Amino acid sequence: MAIAEQHTSSEAAQTSSDKSWHGIVLQTLKQNEISLIPYVPDRVLTPLIRNLHADPFFTTFATAREEEAVGIVSGAWMGGRRAAVLMQTSGFATLANVLASLAVPYQIPLIMFVSERGTLGEFNYGQSLVCRTMRPVLDSLALEHHTITRLDELEFITDRSIKQAVTTQAPVALILNPLLTGGKTFDK
């Protein structure tokens, strides 16, 4: 009896995780055969990063900078492997050159998951400034981007964006808004 109860609670935990924003992202990455995930550590992305590390399907590792992660994803694509980058809004601010000189002209389907800081109660003025520049930079490079605020839209937008990026060989940014992720929590 105890084993059956343990198995049932384990299944319930898995189902609960799959319905979380990070569970949906993980499953959508798998369904689209994206198995290499370099990232720059971020508190908001921590649940996703932990689950990616725990799943043997993925090769997941931290990089020192976002530009390094983009270079790794670009090399992976040229070598026949699909990959995605995880970063925070402030890290995106460092990417204009690598996007304009590598990802866009060489048609790399760079899939970027960006946890959005700088909005909805942000305490750090620098984060707010960077947040205001992110979308104009994406627009000026004519890069597809979507801000995801609702769990019920996450799988559809993520799946279709990945498919479009691969088919058109163009980068895409999926901006994970605090309304979706809960944002960064600040201990007082």
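In the predicted model, D159 and K163 both lie in helix 8, which spans residues 151-168, and because the two are 4 residues apart in that helix, they are separated by about one helical turn. Their side chains meet in a salt bridge, with a distance of 2.7 Å from N to O. Side chains of opposite charge can pair when their charged atoms come close. The two partners differ in their exposure: D159 has a relative accessible area of 14% and is therefore buried, since this value falls under 20%, whereas K163, with a relative accessible area of 39%, is partly exposed.

The structure holds 6 salt bridges, and among them are those that link R150, D152 and E153 in a network. Within this network, the side chains of R150 and D152 meet in a salt bridge with an N to O distance of 2.6 Å, while the salt bridge between E153 and R150 has its closest N and O atoms 3.3 Å apart. With regard to accessibility, R150 is partly exposed, its relative accessible area being 41%, and E153 also counts as partly exposed, at 27% relative accessibility. D152, by contrast, has a relative accessible area of 58%, and it is classed as exposed because this value is over 50%.

A further residue considered here is T63, which is found in the loop between strand 2 (59-62) and helix 4 (66-78). With a relative accessible area of 7%, T63 is buried. The side chain of T63 reaches the backbone oxygen of R65 at a distance of 3.2 Å. When the neighbours within four places in sequence are left aside, T63 is in contact with P38, Y39, V40 and P41, and also with E68, A69 and I72; of these residues, E68, A69 and I72 fall within the range given for helix 4.

L179, in turn, has its place in helix 9, which comprises residues 178-181. In contrast to the buried T63, L179 is exposed, with a relative accessible area of 61%. Once its neighbours within four places in sequence are left aside, L179 is in contact with L120 and T149. The separation between L179 and I148 can be described both along the chain and in space, for these residues are 31 residues apart in sequence and 8.3 Å apart from C-alpha to C-alpha.

Terms used
Residues numbered from 1 in each chain as written. Predicted model: local features only at pLDDT ≥ 70, side-chain atom pairs only at ≥ 80, totals over all residues. Heavy atoms only, no water. Buried < 20%, exposed > 50% of the residue type's maximum accessible area, 1.4 Å probe, protein only. Contact = heavy atoms within 4.5 Å. Polar contact = N/O pair within 3.5 Å; in protein donor to acceptor, adjacent residues only side chain to side chain. Salt bridge = Lys/Arg side-chain N within 4 Å of Asp/Glu carboxyl O.
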